[in-house]
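Here are some notes to read beside the structure, written as numbered points. Please keep the sequence and the 3D view open while you go through them.

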Amino acid sequence: MTFNPKLSKYLAIFALLAYFSLPIASKALDPLRLTAITITPEDTKVKIKWNTSYPATGLIKFGATTNFGSWINHSQSELEHESWLSGLTPNQKYYFVIEIHDQSNRQLTSPVYNFVSKKAVDDDKPVISDVVVYFITGN
């Protein structure tokens, strides 16, 4: 068997292509995931946080029914996400889904989640009336 410089050149190029394509191939097999969803309700707003396995943008659809009706866009491509849903009615049940998209055109929609906004704070001071006091003594 004789040494063929053209063949060894092609083998070297093939080896380099195979080596550098391995991370791309493994990334394509690794799914886009949505994790660590936390919900922090307040009386007229709620904070929703979530993580993604790859930098992704997101969209939260929400409403008082599973038809949603409102949405908020999370347009920054990142791993850790946080959005505030505002204009909520206190002590009301709301439903939401999170849709995410990454740079590899992978998409994922979460299951439907729900939360109840907190009750409105009652800042009215109590009024005490019609009180009759008997037998008050003093020093």
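1. A polar contact is a pair of N or O atoms within 3.5 Å, and within protein one of them must be able to donate a hydrogen and the other to accept it. With that in mind, please look at His 74, whose side chain is joined to the side chain of Glu 78 by a polar contact of 2.9 Å. The side chain of His 74 also makes a polar contact of 3.3 Å with the side chain of Ser 83.

2. Before going further, please bear in mind that this is a predicted model. The mean pLDDT of the protein is 81, and 72% of the residues score at least 70. Confidence is lowest in helix 1, residues 5-29, where the mean is 55, whereas strand 4, residues 93-102, has the highest value, 95. Where pLDDT is low, the predicted coordinates should not be read in detail.

3. As for the overall plan, the protein contains 1 helix and 6 strands, and along the sequence these follow the pattern α-β-β-β-β-β-β. Of the contacts with a separation of 6 or more, 60% are accounted for by residues 24 or more positions apart. Buried residues make up 22% of the 139 residues, and the accessible surface comes to about 10600 Å², with 57% of this belonging to carbon and sulfur atoms.

4. How do strand 1 and strand 2 run, and how many bridges join them? Strand 1 (residues 34-41) and strand 2 (residues 45-63) run antiparallel and are joined by 6 bridges. One pairing that can be found in the view is that of Thr 38, which has Lys 49 in strand 2 as its bridge partner. The connection from strand 1 to strand 2 is a hairpin through 3 residues.

5. Returning to His 74, this residue lies in strand 3, and His 74 counts as buried because its relative accessible area is 10%, which is under the 20% cut-off. If neighbours within four places in sequence are left aside, the residues in contact with His 74 are Trp 50, Thr 57, Gly 58, His 81, Glu 82 and Ser 83. Ser 83 therefore appears both in this set of contacts and as a partner in a polar contact with the side chain of His 74, while the burial of His 74 goes with its value of 10%.

6. Is Ser 75 buried or exposed? Ser 75 also lies in strand 3, which spans residues 70-86, and Ser 75 counts as exposed because its relative accessibility is 55%, which is over the 50% cut-off. In a regular strand the side chains alternate between the two faces of the sheet. The C-alpha atoms of Ser 75 and Ala 56 are separated by 8.4 Å, although these residues are 19 residues apart along the chain.

7. Two loop residues deserve a careful look at their backbone angles. Phe 68, in the loop between strand 2 and strand 3, has a phi near 65°, a positive value in a residue other than glycine. Asn 91, in the loop between strand 3 and strand 4, likewise has a positive phi, near 60°, and is not a glycine. As for exposure, Phe 68 is buried, since its relative accessibility is 18%, whereas Asn 91 is partly exposed, with a relative accessible area of 46%.

Terms used: Residues are numbered from 1 along each chain as its sequence is written. This is a predicted model: local features need pLDDT of at least 70, side-chain atom pairs count only at pLDDT 80 or more; totals for chains, interfaces and linings use all residues. Side-chain values use heavy atoms; hydrogens and water are left out. Helices (H or I, at least four residues) and strands (E, at least two) are DSSP runs, numbered from the N terminus. Buried means under 20% relative accessible area, exposed over 50%, partly exposed in between (1.4 Å probe, protein chains only). Contact means heavy atoms within 4.5 Å. Accessible areas come from the Shrake-Rupley method with a 1.4 Å probe; for residues, only the protein chains shown count as cover. Two strands pair if DSSP finds at least two bridges between them. pLDDT is the predictor's confidence in each residue, from 0 to 100.
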